[in-house]
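Welcome! Please take a moment with the sequence and the model before reading on.

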Amino acid sequence: MGLLLKPKKRNKWRILFGTKYYQMKRYWNWYTDGKKYTTHRQSTSLNHLVFTHKTPLLRKLKDVDMWLQHNKVANLTIAVKKLNGIVIKPGETFSYWRSIGNVTKREGYVDGMILHYGQVTTGIGGGLCQLSNLIYWMTLHTPLTVTERYRHSYDVFPDSNRSQPFGSGATCAYNYLDLQIRNETNFTYQLILTLTDTHLVGEWRSEVPSTRTYEVNEKEHWMTLEYWGGYARHNTIHRRVYNLGEELIDDEFVTENHAIMMYEPFLEDRSSW
């Protein structure tokens with residue numbers, strides 16, 4: 001596809017000022033882009049379940065201390081309270097970061113794991129990508145439209161127990177790497193989020209029963225040896241759309257992903273990951 005991927009090295013000052021620039025740009029856009037952002041939450045759930053999914057809270061990852069996983073749960077607990085029950089009416093847009101707000105110590109967030117240019121490090125609010133990943137994956141199984149999503153630039157961990165296609169998540173960074181979802185239907189949808197002892201659980205619900213079901217799958221997947229000596233991973237994500245009679249009515253392209261691999265491909269023994 002002619003796409004060249006190479007690890008980027010950024011001066012810390014460039015990262016700092018670049019981040020501030022894009023954050024200010026996002027603040028400006030939120031109030032000038034003409035979108036009607038959802039602000040309403042309700043405690044009662046809409047009647048009809050559209051799709052549900054859950055992901056484990058604690059995972060053993062190579063070279064990642066478990067205290068970071070526990071801190072991630074603390075961060076998710078705060079963010080879930082901000083998003084649970086949000087209602088998206090027809091014509092409205094859901095913004096992940098506009099709804100959560102700034103991620104600071106003052107808000108109760110603690111250090112968690114973050115991925116910074118392919119390296120595992122720590123930062124306030126770390127771990128919230130698990131929540132944006134969950135919401136994005138669920139949304140692909142609904143009639144709602146993803147209008148903004150950012151893919152992960154690095155593939156950090158091998159596919160140990162991966163249940164979803166590579167590249168089916170949405171990375172996030174306050175506030176410029178946002179996840180935005182627009183309701184282009186004629187009906188209201190609601191996001192329900194809960195934490196159990198073991199899982200982050202999400203639901204999209206609606207005021208009317210679903211007339212479509214969706215099957216998200218990977219169509220192409222390949223790895224390339226890049227000119228600088230490392231490997232990159234690529235794929236395309238599609239979804240099949242079925243009617244109530246389980247007849248295929250559409251096969252849609254969703255997105256393509258390209259990521260630099262931070263581990264050796266074709267590992268024979270992954271038991272230590």
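Here is a short tour, from the whole chain down to two details of its backbone.

This is a predicted model, in which local features need pLDDT of at least 70, side-chain atom pairs count only at pLDDT 80 or more, and totals for chains, interfaces and linings use all residues. Residues are numbered from 1 along each chain as its sequence is written, and side-chain values use heavy atoms, leaving out hydrogens and water.

Let's start with the overall build. The protein chain has 4 helices and 13 strands; these are DSSP runs numbered from the N terminus, with at least four residues for a helix (H or I) and at least two for a strand (E). Its radius of gyration, taken over C-alpha atoms, is 19 Å, close to the 19 Å that the globule rule gives for 273 residues, so the chain is as compact as a globular protein of that length. That rule is 2.2 Å times the number of residues to the power 0.38. Along its principal axes, the C-alpha trace spans about 50 × 50 × 40 Å. Of the 273 residues, 44% count as buried, meaning under 20% relative accessible area with a 1.4 Å probe, protein chains only, while exposed means over 50%.

Now for two loops with backbone details:

| Residue | Backbone detail | Loop between |
|---|---|---|
| Asn175 | cis peptide bond with Tyr174, omega about -15° | strand E7 (154-155) and strand E8 (180-182) |
| Glu246 | positive phi of about 60° | strand E12 (231-242) and strand E13 (248-261) |

Glu246 has its positive phi although it is not a glycine. Is Glu246 buried or exposed? Glu246 is exposed, with a relative accessible area of 69%.
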